[in-house]
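Work through the three exercises below with the sequence and the coordinates at hand. Each task is followed by a stepwise solution.

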Amino acid sequence: MANLNNFIIKDKRFYYNQLFYDYLFNFGHLKDFYHYDYRSPASYHERAGQVLKNYNRGYRKRLAGALKKYNGELGAGQKTLKNIGKLSKENSLMVIGGQQPVFLGGPLFMIYKAITVIKLAACLKQELGVEVIPCFWNASDDSNISQVDHINLIGRNLKNISIKRLPENIRYSDLGLNQDQIDEIIDQLDRNLIPTDFKQSLVDFIGESLSCAEQNGKISFSKTFSSFMLKLFSRWGLVIIDPAMEEIKQLSSDLIEKDIDLGIKAGELIDDAGIRLKDGGYHAQLKNRGNYLNFFVTRDGNREKIKTDGRQYRWEGQIFSAGQIKEKFAGCMSDLSFNVVLRPIIQDSLFPVVATVCGPGEISYFAQLGPVYKLYGVQMPVIYPRFSATLIEKRVNKSLEKYGIDYRYIWEELGFIEKQVLKRHMDVDINRAVQDLNSKITENIEEAEKALSESLMNISSTFDRIKRNIDRETTVLGHKLYSQYKKQNQHIKKAVEKIKLNLLPHGNMQEREISVISYINKYDFRLIDEIYNEFRCFDFGHKMIEVE
C-alpha cells in the first residue's frame with residue numbers, strides 16, 4: 001500500500017503554455033473567451049438550470065438505452081449501469097471528459113482526467129442537489145495511430161510497448177486486433193513489467209479487458225480502451241460514451257446538416273478568435289487550414305474531408321450543392337465522424353452536460369469555440385481543468401533530498417543540474433580555489449611589472465599577455481578539476497539521470513509519457529483509490545505527489 005503526500009507547485013514550466021497557466025491562476029485575463037467562470041459555484045447552478053430547462057427530453061431514453069447496451073457488452077459493473085439508468089430521469093446532468101482511445105489506458109494524464117470527471121460529478125451532485133453522472137467520451141472517430149499505439153513503462157529504464165502492424169489513417173472504431181497481436185502484447189508486458197507481487201493480477205486484468213472487446217471475430221481497438229477504463233473505475237460507476245454508437249450518429253444528423261449550411265462561417269469565427277488571443281499575448285490552438293466542413297467521411301477505411309466555398313461542396317472529385325451533399329449522407333451517418341470543432345458541440349447538444357473536463361490543449365482551443373457554439377445555437381458548458389500531477393516515488397524523493405535538488409531544477413539541462421549538485425557536495429570549492437590561485441599569481445605578476453616599470457622598462461604588453469595566458473590556463477584547470485571530480489562521482493550523475501528519467505521522461509511531463517500500468521504494477525490497484533483521495537474539487541494547480 002502506498003501512502004501519498006502532495007503539494008502544489010506553480011512554476012510555469014509545469015503548465016504547458018501561458019494560456020493554461022492564466023486559466024488557472026489569472027482567469028480574469030481570459031474570462032471573455034469562455035461562457036462561465038469555472039471557479040464559481042454560481043456558474044454551475046446557472047448552467048444546470050439552463051440545461052434542465054432546454055435539454056431535449058426525448059433524447060434521454062434513447063441515449064440511455066444505447067449506453068446501457070454498449071457499456072453492458074464491455075462488462076460494465078452494476079454502478080455504471082445504475083448511473084446510465086439515471087440518464088432517463090428528467091433532472092439528471094452529466095460531467096464529461098474525453099480522449100482518444102489510447103493503448104492500455106495510455107499515459108497518466110488519462111487517469112487524472114477520469115478521476116477529475118468522477119470527483120467533479122460527486123461534488124456537483126452535492127452542490128446542485130440533482131444526480132450528476134460521470135462520463136468519459138472515447139473519441140473513437142479519430143485516426144492518428146502514432147499517438148495511441150504505444151505506452152511507456154518506467155523501471156530501470158524507459159521501455160516502449162507498442163502494437164505492431166497497425167494501419168495508418170483508419171478510424172480507431174474501425175481498427176481490429178488479431179490474436180497474434182494480442183499474444184504479442186501480453187508477451188511484451190510479461191517481459192517488460194518488473195517482477196512484483198501485483199504483476200500477475202495486472203496482466204490478468206489487461207487480458208480480461210482485451211477479451212471483453214471482441215467484435216466481428218477480432219478485438220476492437222477502441223473498445224479495449226473502453227473496457228480498460230470501465231474496469232479501472234468500476235467502483236465509481238464511470239460511463240463510457242463512444243461516438244461510433246449508432247444512436248449518437250443518428251441524433252447528430254441535424255447538426256451535420258447545419259454544418260453544411262454554415263459552410264465556412266465556423267472557420268472564419270475560429271480565425272477571428274485566434275487573432276484576439278494573439279493580440280492578448282497568447283497562441284491560437286486552432287487554425288482554419290483550408291475551407292472544409294467540420295466532419296469527415298469514411299471511405300475504404302480512410303477519413304476524407306469535404307471542401308467548400310460556402311456555396312458549393314467538393315468531394316471525391318465531384319461538386320455538389322448543399323441539398324445534394326445532405327442527400328448523399330442522409331442514409332450513411334455511420335460513415336461520418338466529427339472533427340475537433342463539431343465533436344464538443346454535438347456532445348453538448350445530445351447530452352445534458354453541466355461541465356466538460358479539459359486538459360491544457362482542450363482549454364486552449366475552447367478559447368476559440370465560444371462564437372462557434374453560438375453559431376450552431378448551442379451553449380458552451382463550464383470548462384473545468386483536469387487534475388495534473390507528477391508522482392515522486394520514495395527512492396526518487398530520497399535522491400532529491402540527498403543531493404538538494406529543487407523540483408524546478410528538473411527542467412534544466414542535465415549538465416547544469418550535475419554542476420549544481422557537485423558544487424554543494426564537494427569538499428573543496430573548485431571555483432573559489434581556482435579564483436584564489438588566479439588572484440595570487442596575478443598579484444605576483446603585477447608586483448613584478450610594477451618593479452620593472454620603475455626601472456623605466458616598457459614591457460607592459462608582455463605582462464598583459466602573461467596575465468591573459470594565466471586566465472586561460474586557470475580556466476582550463478577549473479574545467480579539468482570539475483571533470484576529474486565528476487569521474488570520481490559518477491553516482492551523482494547516475495542519480496540525476498534517474499531523477500530526470502522518472503520526473504521528466506523524454507524531456508516531457510511525466511503525466512504525458514509514463515503509463516499508469518507501471519505504477520499499478522508496483523503499488524497495486526489501490527494506488528488509483530489513493531490518487532483519487534489526493535485530489536480536491538476546486539483545488540487547482542500541478543501537484544507533486546510523493547509516493548512513500
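**Exercise 1: a helix pair**

Task: in this predicted model, helix α2 (residues 41-54) and helix α5 (residues 108-128) have axes that come within 11 Å and cross at roughly 80°. Classify the crossing and describe the contact of α2 with α5.

Solution.
- Step 1. Angles of 65 to 115 degrees count as roughly perpendicular, therefore α2 and α5 are roughly perpendicular to each other.
- Step 2. On the α2 side, the residues that meet α5 are Pro 41, Tyr 44, His 45 and Ala 48; their partners in α5 are Leu 124, Glu 127 and Leu 128.
- Step 3. Sorted by type, the residues of this contact are 5 nonpolar, 1 polar and 1 charged.

**Exercise 2: the setting of Gln 99**

Task: decide whether Gln 99 is buried or exposed, and list its contacts beyond four places in sequence.

Solution.
- Step 1. Gln 99 belongs to strand β2 (residues 93-99).
- Step 2. The relative accessibility of Gln 99 is 19%. Buried means under 20%, so Gln 99 counts as buried.
- Step 3. With neighbours within four places in sequence left aside, Gln 99 contacts Phe 109, Met 110, Lys 113, Phe 136, Trp 137, Asn 138 and Ala 139.

**Exercise 3: a sheet of 3 strands**

Task: for the open sheet that contains β10, give the strand order and name the edge strands.

Solution.
- Step 1. The order is β11-β10-β15, and the pairing is antiparallel.
- Step 2. β11 (302-304) and β15 (336-338) each pair on one side only, which makes them the edge strands.
- Step 3. From one strand to the next, the twist averages 40°.
- Step 4. Strand β10 (residues 295-299) is joined to β15 by 3 bridges; Val 297 stands opposite Leu 336 in β15.

How values were computed. Residues are numbered from 1 along each chain as its sequence is written. This is a predicted model: local features need pLDDT of at least 70, side-chain atom pairs count only at pLDDT 80 or more; totals for chains, interfaces and linings use all residues. Side-chain values use heavy atoms; hydrogens and water are left out. Helices (H or I, at least four residues) and strands (E, at least two) are DSSP runs, numbered from the N terminus. Buried means under 20% relative accessible area, exposed over 50%, partly exposed in between (1.4 Å probe, protein chains only). Contact means heavy atoms within 4.5 Å. Axes are lines fitted to C-alpha atoms, for helices over the stretch in contact, and angles run from 0 to 180 degrees between N-to-C directions. Angles under 35 degrees count as roughly parallel, over 145 as roughly antiparallel, 65 to 115 as roughly perpendicular and the rest as oblique. Ala, Val, Leu, Ile, Met, Phe, Trp, Tyr, Cys and Pro count as nonpolar, Asp, Glu, Lys and Arg as charged, and the others, Gly among them, as polar. Two strands pair if DSSP finds at least two bridges between them.
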